[in-house]
Amino acid sequence: MALPVEEWRLCAARCWAALEPALRERLTAASLHDAVRLGCGLLRPEAEVAILRRLCRRARASKEPAAARFYREEGNRLFGRCHYGAAARLYSQAASHELPGSPEVSVCFANRSAALFHLGCFEVCLEDIARAESHGYPDRLLPKVLLRKAECLLCLGRLQDAADTLSVVENKIAVDGIMTSPTHQTLLKKLSQLKIKIHEKESCPEPAREAHGDIQRKLEIWEENDSISGASSSLSLNFDTERGRHLVASQDILPGQGLLKEEAFVSVLCPGESLFLQDSSETVWDTRVTNADLYCHRCLRQLLASVPCRGCSYAKYCSQNCADVAWEQYHRTECSLGALLLTLGVFCHVALRTVLLAGFAEVRRLVEWSHDGDKDLQNPEARCRHVSEAPDTRAGTRGIPGCNDNGQYQSSYQAVFNLLPHTEKHSPEHKFLCMLSVVAICKQLQEAGLEAAVLNQESSEKWSKPKTCEKTSGALSPELKTMAEAMLRHVLQLQCNAQAITVMQESGSGDSAVVNKKPVRLATAFFPVLSLLNHSCCPNISVSFSGTAATVRASQPIPSGQEIFHCYGPHQCRMRVAERQQLLSQYFFECRCQACLDELESDVKSVVSMRNSFCCPSCRAPMQVGEDMLCCSNEVCAISVSRESLSCRLQDLQQQIKEGLELLRDRKADQAIKTLLKCQMDAGNFLSPEHLLMGEMEDHLAQVYATLGKWQEAARHLERSIEIVEMHHGPSSVEIGHELFKLAQILFNGFAVSEALSTIQRAEEILSVHCGPQSTQIQELQEMKTCLSELPRSILQRT
């Protein structure tokens with residue numbers, strides 16, 4: 001959710017409409033500085049502030065012991081049903097709601113360690129046992145946890161450590177005296193069994209295993225650009241009044257060649273909708289899993305056993321180190337504002353974190369510099385027109401916005417600050433909403449006594465836990481007005497410069513032999529160097545992410561002198577030109593890329609229109625496009641059907657497909673096949689054979705047959721899906737790479753060795769171009785190839 005919740009947007013709209021016309025005019029024409037100054041007095045305590053406080057109560061961000069008990073009990077219930085992965089996530093949610101220092105939090109870690117042990121995650125299990133001990137796990141329950149620790153160490157081959165742990169258990173039992181209860185007898189029996197296992201392993205050590213799956217990752221090495229941080233020397237930074245700042249190939253570039261590696265200057269994890277509950281007198285806690293439960297809130301690494309923040313229930317981290325670094329850099333300020341930030345949306349959160357990471361001194365320097373009429377950042381074209389004809393040297397880039405005095409463009413706050421906010425192009429209502437929101441954040445900082453921390457005037461030791469003071473009334477301090485002005489700038493910048501960090505996330509239950517993944521928006525970030533790339537509906541690069549780092553690779557040959565283009569969203573293969581132009585209007589430009597020009601100037605229907613079209617329900621010929629009625633292109637037939645009726649039919653079909661996938665998730669594969677085959681038959685009566693939905697149904701059927709172990713049927717359906725995807729996206733697209741990856745899994749599991757090896761090779765060639773040799777999918781493909789190539793010759797000859 002990039003923007004604030006709907007109720008706050010409506011509140012801001014009412015406030016705007018109630019303003020005096022003269023004040024609305026002043027705000028519309030106001031600079032960022034004047035907008036903040038005028039807006040500070042518009043948050044009325046009895047109206048906007050009261051509404052905002054009520055909305056914040058719906059965002060679950062504080063510690064709630066009652067919620068912790070609920071999640072722990074739900075975790076115990078699922079653990080008893082052997083759903084260990086789901087149980088571990090619920091124990092994590094319970095731990096995030098427990099108060100720091102309470103004995104209950106140690107129980108959450110101990111329970112989670114049991115789930116992790118059953119999942120075979122022994123190293124992480126040991127970490128949780130250590131957390132349980134350090135948080136004061138009850139002494140009477142410790143022997144059971146220590147036995148689990150010894151068993152983990154045994155499984156990891158650390159025999160001496162396991163023996164030492166068993167000695168601790170024995171000594172503890174001796175100190176506690178004779179134990180005769182059934183539970184204690186079970187512990188003694190387990191202790192005896194583990195001692196025997198250790199003795200057996202010491203007597204007959206297992207032979208060292210070859211690490212077939214541990215394939216050496218290839219390192220991508222390039223000569224770094226001396227003017228653009230993180231960029232390859234094959235790029236140069238240019239500027240002209242039409243295209244602004246942009247990157248150009250300074251030499252011929254090959255497909256798959258790395259062009260840029262950049263760490264996000266700032267990133268904020270996108271929360272899940274379950275964090276927001278409707279107003280209700282009944283307390284309900286949501287057990288749905290969101291990105292907030294699955295990924296570290298600082299480094300975006302996938303979580304298995306999260307470390308909760310000591311002050312709030314929302315922030316979770318992959319390690320104590322990440323938690324400590326986040327606290328020191330920004331979370332000590334954000335922690336007590338969690339509900340407000342969740343209510344006001346990710347863009348406001350990114351804006352706040354940006355200024356916190358930059359530090360007040362740098363923020364003030366650039367804000368004051370922007371007030372200088374001779375360095376007007378609202379019109380950098382006028383200031384930098386002279387550089388458009390400068391030679392491509394460090395001296396020539398010195399005047400380009402964002403470059404330092406040496407002509408270097410770095411991933412810095414100065415580069416972020418110089419991204420265009422397009423202040424004059426946003427609607428007055430939107431600017432007003434953003435202004436009210438950032439002023440609300442700064443007022444909350446002032447009322448909570450956090451101003452000194454924001455301004456870096458106190459050491460971190462004085463802020464070891466969230467701090468609240470008596471609320472103060474009055475206007476914002478001059479320093480917080482400066483912060484608000486910078487934040488307003490950043491919120492407006494994000495509409496055109498926000499970069500979504502995406503991950504390939506498993507869809508479905510995750511326990512299938514064929515892993516189905518789809519791209520999911522994980523976080524919103526500022527990448528100053530990546531933001532230099534202009535848009536094209538047919539880009540020549542691919543962007544992939546690893547944690548908070550973005551890597552840009554050429555997706556096709558790029559000759560020297562050609563501009564490097566990124567796709568901001570709608571690709572020409574996915575959408576018609578009119579729809580693309582409408583979506584791109586949010587970036588305040590009319591796309592004139594070659595793909596759009598070719599389609600606009602051509603009399604022929606776009607490929608997307610032809611392949612995603614309806615066909616005649618009677619003769620199945622293509623339907624001709626009309627406003628309200630569609631006519632059959634077959635003159636003999638000449639049937640007319642309303643667009644609305646066909647659209648309703650398509651919606652019904654999509655709902656039936658969804659029901660079929662629900663049956664698959666409920667492990668009712670036979671019923672899922674019947675439903676999807678019926679959907680396929682119905683779709684054939686009114687959709688083009690090349691319609692993308694036809695391909696999606698083939699993909700779903702392949703998944704169901706793979707679940708049943710019917711590998712040949714699964715491969716047949718997926719091959720048909722690949723044909724349709726290739727028609728839409730091309731033979732070397734990343735979409736084809738993902739489909740070939742799934743086909744390789746099916747052929748691998750079905751023991752079709754030669755077909756699997758050729759599919760693996762093709763998938764590797766495509767995915768290495770788009771995702772690089774270090775991607776997870778490439779590693780999995782290489783592991784499959786190694787496994788198949790090491791099969792006995794007799795088996796290979798039979799396949």
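**Exercise 1. Find the aromatic pairs in the whole structure and work through the one formed by Y568 and F589.**

Solution. Searching the whole structure turns up 11 aromatic pairs (Phe, Tyr or six-membered Trp rings with centres within 6.5 Å; planes under 30 degrees apart are stacked, over 60 edge-to-face, the rest tilted). Bear in mind that this is a predicted model, where local features need pLDDT of at least 70, side-chain atom pairs need 80 or more, and totals for chains, interfaces and linings use all residues. Numbering starts from 1 along each chain as its sequence is written, and side-chain values use heavy atoms, leaving out hydrogens and water.

Next, the geometry: Y568 and F589 sit 6.2 Å centre to centre with 80° between the planes, so the pair is edge-to-face. Y568 is in the loop between β12 (565-566) and α22 (577-584), F589 in the loop between α22 and α23 (594-601), so the pair ties together parts 21 residues apart in sequence (helices are DSSP H or I runs of at least four residues, strands E runs of at least two, numbered from the N terminus).

Last, accessibility: Y568 at 24% and F589 at 30% both count as partly exposed (buried is under 20% relative accessible area, exposed over 50%, partly exposed in between; 1.4 Å probe, protein chains only).

**Exercise 2. Work out which residues of α22 are buried, and what covers them.**

Solution. Start with the buried set: V577, R580, Q581 and L584. They span an arc of only 100° around the axis (using directions from the helix axis to the C-beta atoms), so they share one side of α22. Exposed A578 and Q582 are on the face turned away from that buried side. Finally, the cover includes β9 (534-535) and α23 (contact: heavy atoms within 4.5 Å).
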